[in-house]
Amino acid sequence: MSGLSVSMCKATVPIAHSSHNHPFSSIKCSFFNNKNNPLLLFRVHQSQGFKPPGGNGKAMVVRMSYEATDGYNAVQVGYRRVRDRKLSKPEMGHLQKAGAIPMRHLQEFRLLSVDGFEPNQRLVFDDIFKEGDFVDVSGTTIGKGFQGGIKRHHFKRGQMTHGSKSHRALGSIGAGTTPGRVYKGKKMPGRMGGTNRKIRKLKIVKIDKDLNVVMIKGAVPGKPGNLLRLAPAKIVGKNIPKN
């Protein structure tokens, strides 16, 4: 990899994609990815690479839900094996009842059909995505803490000279007598970041099976070590009806 900067991640885990109970939703899968030391590849279409490890980084089906017994079809997937003492007793009881090993992350995804899945089945990335596929990447953004209006909402500041006493202050937040209150949703200083965000329609540039690296064109949310969710991109006219 001389001349290129490749970002290696700790984990790439395939999981089932949620269909949101839409009759026209395609039954495909998505996967989790652990973002670690992201370095942009400006020479390779501004891509980011993710490296899935072996061992405890694999994803597996924990349990199944069926419409006949549960009222809906779904697959619950576990990711990242941990020690027993790292989980609470309710979590351990849930996994033991399903006959699964201790897993750190659990998530259930509703599907139109659960055919092709079985408990304790390991999910393989190559069976889910191919090069050139578009994916939606979601994750928790970097937390910035309590920030002012300029950084949080891109407000303009006041004059710094000529006797102005309003530099970075927020300013008026509403009228006095009418309505006599602050409207809900008013853009004001507050906690910034640390929320779930989705970046849509990012392209998988390359899947290197030898290095076990997946390169995705574009930026993804979160800090190094953050858990990401990749799902097939929702494209109108392709896997979502136009009307």
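In the predicted model, Ile 204 is in contact, beyond its neighbours within four places in sequence, with Phe 125, Phe 129, Lys 130, Glu 131, Gly 132, Asp 133, Val 135, Val 214, Met 215 and Ile 216. Ile 204 also belongs to the largest nonpolar core, which has 13 residues; together with Val 135 and Val 137, Ile 204 touches the most other members of that core. At least two residues of the core are supplied by each of strand 7, strand 10 (196–208), strand 11 (213–217) and strand 12 (226–232). Strand 10 gives the largest share, 3 residues. A second core of 9 residues is separate from this one, and Val 61, Val 75, Val 77 and Leu 111 are among its members.

Lys 130, one of the contacts of Ile 204, is placed in the loop between strand 6 and strand 7. Its contacts beyond four places in sequence are Ile 204 and Ile 207. The C-alpha atoms of Lys 130 and Val 205 lie 9.3 Å apart, although 75 residues separate the two in sequence. Within the loop, the side chain of Lys 130 comes to 2.6 Å from the backbone oxygen of Asp 126.

The loop between strand 6 (103–110) and strand 7 (134–140) also holds Gln 121. The side chain of Gln 121 reaches the backbone nitrogen of Glu 118, at a distance of 3.0 Å. Setting aside residues up to four places away in sequence, Gln 121 touches Ala 59, Met 60, Val 61 and Gly 116. One of these contacts, Val 61, is a member of the second core. Asn 120 lies in the loop between strand 6 and strand 7 as well. The phi angle of Asn 120 is near 65 degrees, a positive value in a residue that is not glycine. Asn 120 is partly exposed, its relative accessible area being 38%.

Val 61 and Met 60 recur in the surroundings of Gln 76, whose contacts beyond four places in sequence are Met 60, Val 61, Val 62, Arg 63, His 94, Leu 106, Gln 107 and Glu 108. Gln 76 is part of strand 5 (residues 74–81). Gln 76 counts as buried because its relative accessibility is 12%, under the 20% cut-off. The side chains of Gln 76 and His 94 are joined by a polar contact of 2.8 Å. Between Gln 76 and Val 61 the C-alpha distance is 6.0 Å, with a separation of 15 residues in sequence.

A contact between a charge and a ring was found at Arg 110, whose charged end sits over the ring of Tyr 72 at 4.1 Å from the ring centre. The count of aromatic pairs, in contrast, comes to 0.

Two backbone features occur in the loop between helix 3 (149–153) and strand 9 (190–192). Pro 179 is located in this loop, and a cis peptide bond joins Thr 178 to Pro 179, with omega at about 5 degrees. His 162 is placed in the loop between helix 3 and strand 9 too. Although His 162 is not a glycine, its phi is positive, at about 60 degrees. In terms of accessibility, His 162 is exposed, with a relative accessible area of 74%.

Taken as a whole, the protein chain contains 3 helices and 12 strands. Of its 243 residues, 35% are buried. Among contacts between residues at least 6 apart in sequence, 72% join residues that are at least 24 apart.

Confidence varies along the chain. The mean pLDDT is 77, and 76% of the residues reach 70 or more. Among the elements of the chain, strand 8 (residues 145–147) has the highest mean pLDDT, 97, and strand 1 (residues 11–16) the lowest, 36. The pLDDT is below 50 over residues 1–30, a stretch that has 125 contacts in the model beyond near neighbours in sequence. Residues 37–46 also stay under 50, and for these the model has 24 contacts beyond four places in sequence. Where pLDDT is low, predicted coordinates should not be read in detail.

How values were computed. Residues are numbered from 1 along each chain as its sequence is written. This is a predicted model: local features need pLDDT of at least 70, side-chain atom pairs count only at pLDDT 80 or more; totals for chains, interfaces and linings use all residues. Side-chain values use heavy atoms; hydrogens and water are left out. Helices (H or I, at least four residues) and strands (E, at least two) are DSSP runs, numbered from the N terminus. A polar contact is a pair of N or O atoms within 3.5 Å; within protein, one must be able to donate a hydrogen and the other to accept it, and residues adjacent in sequence count only if both atoms are side-chain atoms. Contact means heavy atoms within 4.5 Å. pLDDT is the predictor's confidence in each residue, from 0 to 100. Rings of Phe, Tyr and Trp (its six-membered ring) pair if their centres lie within 6.5 Å; planes under 30 degrees apart count as stacked, over 60 as edge-to-face and the rest as tilted. A charge sits over a ring if NZ of Lys or CZ of Arg is within 6 Å of the ring centre and within 35 degrees of the ring normal. A nonpolar core is a set of buried Ala, Val, Leu, Ile, Met, Phe, Trp, Tyr and Cys residues joined through side-chain atoms within 4.5 Å. Buried means under 20% relative accessible area, exposed over 50%, partly exposed in between (1.4 Å probe, protein chains only).
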